[in-house]
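Here are some friendly notes to read with the model open beside you. Take the points one at a time, and find each residue on screen before moving on.

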Amino acid sequence: NGLSHNNHQLILKNIGLRREGKTILDGINLEVKKGEHWAILGPNGSGKTMLMMVASGYQPASSGKVFLVSGWLSEIVLPELRKHIGIVSERLAQRILTHYPRATGLQVVLSGLYGRIGMFRNIAGEERQKALSVLHQMDGQDLADMPFFKMSTGKRQICMIGRSSIAENALLLLDEPCAGLDIPSRENLLEHIDTTMRSANGPTVLLVTHHVEEIVDGITHVLLLKDGIIFAKGPKEEIVNSESISELFDTSLKVEYANKRFWAIVT
């Protein structure tokens with residue numbers, strides 16, 4: 001019954017995922033409410049990307065149930081729902097690169113309005129202005145006419161973030177959005193993500209990362225994932241500390257809090 005979950009954007013209920021006899025995710029329970037923004041933190045190979053794929057409905061779970069924005073996945077029309085979910089992931093960027101390499105930055109951003117890749121029509125008027133303004137906000141105005149295949153990783157990432165923010169999404173899933181970016185590009189992108197979290201009618205954000213310093217100020221909750229199992233979850237102040245992060249990464253780390261961000265230093 002969707003009515004009892006109208007304060008939820010995402011519920012993962014006892015999610016399990018097995019592939020080729022291997023357990024990728026095991027017993028994942030998560031409730032994300034409106035007004036919360038979550039970081040999913042864990043080492044490489046912990047199952048973070050697969051958790052995002054299950055949460056977005058792109059990867060069916062082997063067991064358990066997923067509630068996404070307006071209903072349980074078994075009961076809703078997924079293509080229609082996808083128009084309300086923004087996804088930024090390297091996989092999606094690679095799909096555009098493979099199938100539509102000549103799509104311009106402007107076309108990639110605009111495809112977010114339709115919630116599917118491949119909707120690269122000729123663009124005019126109001127929609128064009130909207131897409132240009134989105135690129136401009138992220139210092140990406142020079143990407144409007146550039147083919148996707150000619151862009152650096154960082155520039156493609158700007159287009160993917162633009163694609164996710166042009167639609168008025170209820171939920172925004174960011175899978176390692178800063179991968180491959182240099183420090184100025186990363187900080188610029190993190191600032192944009194933080195602003196998105198603070199905007200009055202902005203989406204609920206889930207950010208996957210393996211760097212504590214990418215947990216921007218707007219993040220309210222953190223889930224720590226290790227070997228496909230939830231290691232800890234809750235308000236970020238309770239979850240992110242030297243002890244938990246050291247154990248999560250099997251490395252002696254000192255976590256400090258400065259400039260409204262966490263920083264991990266190897267000790």
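1. Let us begin with what counts as a helix here: helices are DSSP runs of H or I with at least four residues, numbered from the N terminus. One such run is α1, and the residue to look for after α1 is G57, which has a positive phi near 85°. Please keep in mind throughout that this is a predicted model.

2. Stay with α1 for a moment. Is this helix enclosed or open? Helix α1 covers residues 48-55, and seven of its eight residues are buried, so α1 is largely enclosed by the rest of the structure. The buried residues are K48, M50, L51, M52, M53, V54 and A55.

3. A55 also leads us to strand β1, since A55 is among the residues that L10 touches. L10 has its place in β1, which runs over residues 8-19. Why is L10 called buried? Its relative accessible area is 0%, and buried means under 20%. Leaving aside residues up to four places away in sequence, L10 touches L30, E31, V32, A55, V66, F67, L68 and L206.

4. F67, one of the contacts of L10, has a ring partner of its own. By the rule used here, the count comes to two aromatic pairs. F67 and W72 form an aromatic pair with an edge-to-face arrangement, 5.5 Å centre to centre and with 75° between the planes. Both partners are buried: F67 has a relative accessible area of 1%, and W72 has 5%.

5. W72 has a charged companion as well. K65 lies over the face of W72, at 4.2 Å from the ring centre. A second example involves R156, which lies over the face of F148 at 5.9 Å from the ring centre.

6. R156 brings us to helix α6, where it is one of the buried residues. How far does α6 reach? This helix spans residues 153-166, and its 14 residues reach 20 Å from the first C-alpha to the last, close to the 20 Å expected at 1.5 Å a residue. Helix α6 is mostly covered, with eleven of its 14 residues buried. Besides R156, the buried residues include G154, C159, M160, G162 and I166. The elements that cover them include the strands β6 (85-88) and β7 (171-175), together with the helices α3 (90-99), α4 (105-110), α5 (125-137) and α7 (183-198).

7. Which helices help to line the largest pocket? At least two lining residues each come from α5, α6 and α7. The largest share, five residues, is supplied by α7. The space in this pocket is about 400 Å³. There are 19 lining residues, and the closest to the pocket centre are Q137, S165, H192, T196 and S199.

8. Finally, look at helix α8, residues 236-239, where K236 has its place. Is K236 buried or exposed? K236 is buried, because its relative accessible area is 4% and the cut-off for buried is under 20%. Not counting residues up to four places away in sequence, K236 touches I215, V216, D217, I219, T220, H221, V222 and F262. To link this part of the chain back to point 3, compare L10 with E238: they are 228 residues apart along the chain, and their C-alpha atoms are separated by 22 Å.

Conventions
Residues are numbered from 1 along each chain as its sequence is written. This is a predicted model: local features need pLDDT of at least 70, side-chain atom pairs count only at pLDDT 80 or more; totals for chains, interfaces and linings use all residues. Side-chain values use heavy atoms; hydrogens and water are left out. The expected span of a helix is 1.5 Å times one less than its number of residues. Buried means under 20% relative accessible area, exposed over 50%, partly exposed in between (1.4 Å probe, protein chains only). Contact means heavy atoms within 4.5 Å. Rings of Phe, Tyr and Trp (its six-membered ring) pair if their centres lie within 6.5 Å; planes under 30 degrees apart count as stacked, over 60 as edge-to-face and the rest as tilted. A charge sits over a ring if NZ of Lys or CZ of Arg is within 6 Å of the ring centre and within 35 degrees of the ring normal. On a 1 Å grid over the protein atoms alone, a cavity is a set of points where a 1.4 Å probe fits but cannot get out, and a pocket is an open set with protein on both sides within 12 Å along at least five of seven lines; lining residues have an atom within 4 Å of a point. Grid points are joined across faces, edges and corners, and a volume is the space filled by probe spheres set on the points.
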